[in-house]
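Here is a short, friendly tour to read with the structure open beside you. We will visit a pair of helices, the ligand shell and two loops.

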Amino acid sequence: AYDMLIVGGGPAGAAAAIYAARKGIRTGIVAERFGGQVMDTMAIENYISIPETEGPKLTAAMEQHVRHYDVDIMTNQQAVALKPGKLIEIQLANGATLKGKSIILATGARWRNINVPGEQEYKNRGVAYCPHCDGPFYKGKRVAVIGGGNSGVEAAIDLAGIVAHVTLLEYAPELKADAVLVRKLHSLPNVTVITSAQTTAISGGDDQKVNGLSYKDRTTDELKHLELEGVFIQIGLVPNTEWIKDVVKLSRFGEIEVDNKGHTSVPGVFAAGDVTTVPYKQIVIAAGDGAKAALGAFDYLIRSSVS
Ligand code: FAD
């Protein structure tokens, strides 16, 4: 059995593996894909000490750092079940079972897609999901934010301070965000709010970058078009917790509930990164959180009777 078995190979899992291995304990990391969401990212400019990098490059550096230590890396493996016990079991889709005295869940999250033509095609070429990450790339440009819940309205307020103009599109007849955010949004001179708007397509130009967005006015069924350079989709972030939802306590958003040392509701099971209730889903935060959960799990191991 592993002393610490980490599920997930994004920044949270990689950081946890390094912190665990440096304690000289038997460490394993099992993941579908090393790098996680970082592999899907083009420009990264907010990982402290690296002013500019790209997702695949940062992933390669993370993997190299993990391989620097004695860690069993098992990729292309999907965890499908967790069985609590003195030794905790992780079942894989291929039928194998891995055991750990402690487990760190770092399976991350995925942005909910809007599934309209152009979304996949222009990902990283004008279609974005994270204002903290990509907002500055649209300085002085026109963008749309799709989604009028708290994240959409927060994104629109944030972007309005950077870009030339923001159009916020909401499918329902009114915004769902907190009143205080909606008031703030309406006070901004460079924001237009369109409700009852169903986005139908994202279009691009010869340069393969976004140049517009089409939507249907749901009150009149009229099709309209906006010219712009960026579209931020803010209709939800889905934690990858389907496979543990009956075992580990989740929040109403499906995130794993953790305390300030990364403990979950199951003894010996810790969690870190985007999959947890820890706010602000960012690489630097996930990495810090992975380190914290590994130290929390190490604390647990030195106090536990499983040897
Ligand atoms: P993830 O990166 O999601 O990694 C999850 C890991 O778990 C992966 O290895 C995955 O394969 C594995 N996994 C999931 N389910 C299973 C399973 N059942 N069994 C086995 N393995 C499983 N953040 C920034 O700070 N700066 C940016 O510029 C930035 N840009 C972004 C751009 C895009 C397009 C996206 C999608 C995200 C961006 N982010 C950015 C957010 C950042 O990537 C995440 O916050 C970060 O990767 C979260 O790390 P994590 O380790 O918690 O999870």
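## A helix pair

Helices H1 (11–21) and H2 (residues 55–67) pack with their axes 9 Å apart, at an angle of about 20°. The two are therefore roughly parallel (an angle under 35 degrees). Their contact (C-beta atoms, placed from the backbone, within 7 Å) brings together Pro-11, Ala-14, Ala-17 and Ile-18 of H1 with Met-62, His-65 and Val-66 of H2. By class, these residues are 6 nonpolar, 1 polar and no charged.

A word on the model: it is predicted, with local features needing pLDDT of at least 70 and side-chain atom pairs counting only at pLDDT 80 or more, while totals for chains, interfaces and linings use all residues. Residues are numbered from 1 along each chain as its sequence is written.

## Around the ligand

The ligand has 38 residues around it (C-beta atom, placed from the backbone, within 6 Å), and Gly-8, Gly-10, Gly-36, Gly-108 and Gly-273 come nearest. Helix H1 appears again here: together with strand S9 (109–111) and helix H6 (283–303), it is among the elements giving two or more residues to the shell. The shell divides into 19 nonpolar, 14 polar and 5 charged residues, with Gly counted as polar.

## Two loops with positive phi

Asn-76, in the loop between strands S5 (71–74) and S6 (79–83), has a positive phi near 60° although not a glycine. Asn-76 counts as exposed (12 or fewer other C-beta atoms within 10 Å) because 11 C-beta neighbours lie inside 10 Å.

Asp-221 sits between strands S15 (210–217) and S16 (222–227), also in a loop. Its phi is positive too, near 65°, and with 8 C-beta neighbours inside 10 Å, Asp-221 counts as exposed.

Terms used: Helix = DSSP H or I, 4+ residues; strand = E, 2+ residues; numbered from the N terminus. Buried ≥ 20, exposed ≤ 12 C-beta atoms within 10 Å, placed from the backbone. Axes fitted to C-alpha atoms, helices over the stretch in contact; angles between N-to-C directions. Parallel < 35°, antiparallel > 145°, perpendicular 65-115°, else oblique. Contact = placed C-beta atoms within 7 Å.
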